Amino acid sequence: MPFSATRAVLAPVLLATAAACAANPSANGPIPDPAPPVVQGVSRELALYRSARVSEVSYGLALDVTARDTAAGSVAIGFRRAAGAGDLVLDFRGRSLARVVANGRGVPDARWADGHLAVPAAYLLTGRNRVQIDFSAGIAAAGTSIIRYDDAADGATYLYTLLVPADANQLFPCFDQPDLKARFRTTITAPATWTVLSNGPLDRRDTVASGTRWSFAETEPIPTYLAAFAAGPWTTWRSAPAGERPITLYARASRRAEVDADSIIRANRDAVKWLEGYSGVRFPFAKFDVLLAPAFPFGGMEHVGAVFYNEEQFVFREPPTFNQRLSRDATIYHEVAHQWFGDLVTMRWFDDLWLKEGFATYVAAMVQADLDPRSGAWKTFYLRNKPLAYGVDATSGTTPVWQELPNLDLAKSNYGPIVYNKAPGVLKQLDYLVGDTAFRAGLAGYLRAHPYGSATWRDLLAAVEQASGVPLKGFGQQYILRAGMPRVETRLDTAGGAIRSLSLVQSPARALPGDRGGWWPGRVRVRLAYHDRPDVVVPVTFDSDTTVVAQAAGLPVPDYVFPNDGDYGYGLFLLDSTSAAYVLGHVGQERDDLRRAMLWGALWDLVREGRLPPAAFLDAAHRELPGEGDEQIAGAVLGRAQTALALYLPPEALERQTPAWERLLLARSDDARLGYGMRKAALDAYIGLARTPAALGTLRDLLAGRRRFDGQPVKPPTRWAAVTTLLARGVPDADALLAAERARDTTPDAARRAFVAGAAVPTAAAKAAYFRRYLDDPGLNEEWVTASLGAFDDPEQAALTLPYLRPALEKLEWIRDNRRIFFLGRWVNAFVGGQASSEALRTVDAFLAAHPELPLDIRRKVLQARDELERTAAIRAAP
């Protein structure tokens with residue numbers, strides 16, 4: 001019988017069933033606890049209740065995707081049920097339900113409401129059960145678990161799923177919680193010309209009336225969020241060297257000529273081999289294939305057997321820079337690491353999201369360090385993780401690494417710099433604290449103890465503690481359960497040219513309500529640097545909030561003291577004033593790349609702390625950039641300089657600084673002594689900064705072909721960047737410029753690039769039209785929105801976008817509930833981060849004051865951006 005989504009309340013049914021079971025307990029099982037009330041989403045209580053009573057789950061999932069907007073499906077759910085387990089509660093938010101059959105009996109009184117389907121206990125057995133359900137699910141460009149992408153280049157249609165963190169139940173009825181792992185046997189019926197991939201190996205392919213039925217072999221136990229399929233006229237590359245695991249790469253047919261398939265497959269294969277060697281665990285799944293997904297909303301997704309990567313980040317329309325190649329490889333290493341950390345061993349609940357994401361990022365750095373020793377992996381790790389982590393962890397909106405999560409509906413809010421960037425920094429500290437050998441042994445023990453199962457952070461620390469003999473209770477309390485980070489300052493007392501005492505003093509980077517207090521344990525290296533004698537490096541283990549570096553006493557006064565040499569510690573390590581003055585004048589003379597990157601970071605931290613004027617940082621950057629030979633460091637310095645120019649300087653100072661920076665960047669982009677990546681980074685920065693009539697004229701010369709880069713006319717990515725800048729600066733021929741470039745660009749993603757560029761048009765009408773589409777256009781892909789937010793919220797257009805700040809904030813609950821992970825944070829950071837004024841700060845504060853009931857996860861996201869805006873306004877206003 002058909003089912004409609006009623007507002008029936010399931011909780012009374014479950015409570016009554018539990019009471020009845022308690023009155024007549026089975027001899028084969030314990031008296032169950034009362035069933036929790038069933039609410040929207042998957043509550044922690046419901047998940048615990050089910051995991052104690054349901055086990056050995058399997059899904060036979062069949063979907064027909066031959067229709068454009070709807071997938072017809074059926075699922076056969078097998079499971080073992082404990083005695084006295086009460087009604088069965090499944091999760092389902094799809095479009096419709098039809099037939100429900102339990103153990104061969106129709107279930108006319110099954111109830112579907114509030115995203116759950118309840119099957120009465122009368123239809124269920126103690127032991128093995130089988131429930132069959134017919135249903136339908138949506139297919140759309142946004143807002144559904146099956147994402148549709150229509151290729152403007154050739155008219156082809158592609159589909160792929162994205163179920164993380166808790167959207168599997170939007171696709172099919174299931175137990176949508178990470179600890180109830182299941183074996184999947186998937187069947188997809190698709191148009192005859194399409195190719196389909198899924199988690200398991202292809203078992204058979206049959207011709208049917210509507211197209212082709214693709215049947216895949218059963219998987220190992222995996223959580224529902226890792227289930228996946230993709231369907232469309234994919235082009236493929238297959239690599240199967242003798243004696244090695246075959247890998248197939250899938251991509252859009254229209255982009256075949258642009259895909260560097262060999263290097264993508266090779267990086268994946270090399271990472272698999274490295275992880276096998278490091279972990280001592282063979283690749284744990286039956287196959288390993290990869291897909292380049294169009295309009296993918298984030299960098300990658302670690303689906304078992306079918307890793308999805310962001311096509312835009314993996315297909316280069318111009319020769320890639322070193323940083324772009326590093327970024328691609330880092331994403332590959334991250335997703336491959338997940339096959340062990342997240343897929344083989346899964347966090348029990350999404351409060352431990354860091355167990356998979358933090359590990360994947362840290363392990364990816366280890367892979368890079370071994371596979372490409374010359375790339376400076378730990379410099380990359382520092383540059384790509386620590387600044388992002390510190391930026392959030394210094395705000396009142398920060399969270400612990402372990403983030404309490406009452407309901408999986410809120411899990412999307414847990415994604416962000418704390419789990420992706422702080423957690424790997426904490427793991428690096430843990431590795432240094434216990435030693436590499438013990439850390440590796442602990443990880444191997446952790447994987448061996450929980451294969452195809454789930455675990456918590458306590459299981460991890462217990463394994464490392466057992467392997468190392470180092471007590472880690474305090475480490476867990478301070479780094480995993482405590483929000484925030486230490487600010488570590490150097491206290492140096494000298495007399496007669498010698499050190500009398502040197503101490504490292506900890507305090508919270510920000511006072512947080514309810515903070516548990518105490519000092520952060522850990523181990524660091526303190527460097528005393530000299531220009532006329534060898535540096536002295538002292539290992540230091542924190543023993544209180546003030547740790548004395550006894551070995552420093554009596555040494556000559558150094559040029560500077562750097563309290564986190566090698567980047568082993570996690571925290572805001574600040575230079576003392578004497579050290580800062582020396583580093584500011586000599587940072588370019590440091591030969592060690594990691595240390596030089598960190599010294600630039602230390603100077604930037606002082607800017608953000610209000611202890612160093614942004615103009616002083618800009619002067620040092622302008623002075624040192626011509627001699628900087630490291631592409632990653634040059635890119636980081638350029639990025640910070642751009643932030644200082646756009647946000648930290650008042651308009652009149654920006655106007656004074658701009659011509660000199662334009663000249664420097666243009667000259668650097670033409671400097672044949674520099675490598676391609678260094679010159680391309682300078683050109684990109686020049687295009688973003690261009691403001692003077694001369695610079696805007698140069699952009700037009702690039703578009704017209706009168707000026708070339710690297711001996712060639714610039715290609716679409718760079719052309720569109722130039723167009724976007726010209727539009728943002730309000731050139732009078734904006735409409736004609738945009739139309740001409742759109743007509744000229746025949747590449748597959750021209751429409752997306754034109755949409756992004758159009759967001760920069762500085763008129764009230766343009767901003768109003770884009771803002772309406774962001775919220776009201778169901779056909780607008782989420783990735784298009786996030787890609788355009790930077791142009792929409794250009795800081796130089798703050799007066800135009802300020803009226804949208806409050807409306808953007810008012811939509812946050814809807815955005816959290818209807819958009820994918822990362823979207824909420826990007827939305828908040830764009831609309832708040834595009835402002836720099838005290839008026840904007842008052843707008844945010846007024847919103848928070850008007851919504852005391854704002855959900856805590858959303859309030860934290862707003863506070864993170866709000867505190868950054870407060871910092872920006874204070875720096876800009878400083879004399």
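Me: What makes strand S8 and strand S9 (residues 146-150) count as paired?
Reply: In this predicted model, 2 bridges join S8 to S9, and the two run parallel. The criterion is at least two bridges between the strands, so the 2 bridges satisfy it. One of the bridge partners can be named: Ala140 is matched with Ile147 in S9.

Me: Which strands pair with S8 in the antiparallel sense, and over how many bridges?
Reply: Strand S2 (residues 70-81) does so over 12 bridges, and strand S4 (residues 96-102) over 5 bridges. Ala72 stands opposite Ser136 in S8, and Ala102 stands opposite Val131 in S8.

Me: Why is S8 called mostly covered?
Reply: Of the 14 residues in S8 (residues 127-140), 10 are buried. A residue is counted as buried under 20% relative accessible area.

Me: Why does Arg820 count as buried?
Reply: Its relative accessibility is 6%, and the cut-off is under 20%, so Arg820 is buried. Arg820 is placed in the loop between helix H27 (812-818) and helix H28 (823-833).

Me: What does Arg820 touch, leaving out residues up to four places away in sequence?
Reply: The contacts of Arg820 are Thr144, Ser145, Ile147, Leu162, Asp167, Pro297, Lys412 and Glu782. Contact here requires heavy atoms within 4.5 Å. Ile147 is also the bridge partner of Ala140.

Me: How do you know that the span of helix H9 is close to the expected one?
Reply: H9 (residues 417-434) has 18 residues, and 26 Å is expected at 1.5 Å a residue. From the first C-alpha to the last, H9 reaches 25 Å.

Me: Where is the kink in H9?
Reply: The kink lies at Ala423, shortly before the proline Pro424, and amounts to about 30°. The bend is the angle between axes fitted to the seven residues ending at a position and the seven starting there.

Me: Is H9 mostly covered or mostly exposed, and what follows the helix?
Reply: H9 is mostly covered, with 17 of its 18 residues buried. Gly435 follows H9 and has a positive phi, near 100°.

Me: Why do strands S27 and S29 stand at the edges of their sheet?
Reply: The sheet is open, has 4 strands in the order S27-S24-S23-S29, and shows mixed pairing. S27 (546-548) and S29 (572-574) each have a single partner strand, so one side of each lacks a neighbour in the sheet. The twist averages 20° from one strand to the next.

Me: What makes S23 and S24 a pair?
Reply: Strand S23 (residues 486-495) and strand S24 (residues 498-508) are antiparallel over 10 bridges. At least two are required, so they pair. Asp493 has Ser501 in S24 as its bridge partner.

Conventions: Residues are numbered from 1 along each chain as its sequence is written. This is a predicted model: local features need pLDDT of at least 70, side-chain atom pairs count only at pLDDT 80 or more; totals for chains, interfaces and linings use all residues. Side-chain values use heavy atoms; hydrogens and water are left out. Axes are lines fitted to C-alpha atoms, for helices over the stretch in contact, and angles run from 0 to 180 degrees between N-to-C directions. The expected span of a helix is 1.5 Å times one less than its number of residues. Buried means under 20% relative accessible area, exposed over 50%, partly exposed in between (1.4 Å probe, protein chains only).
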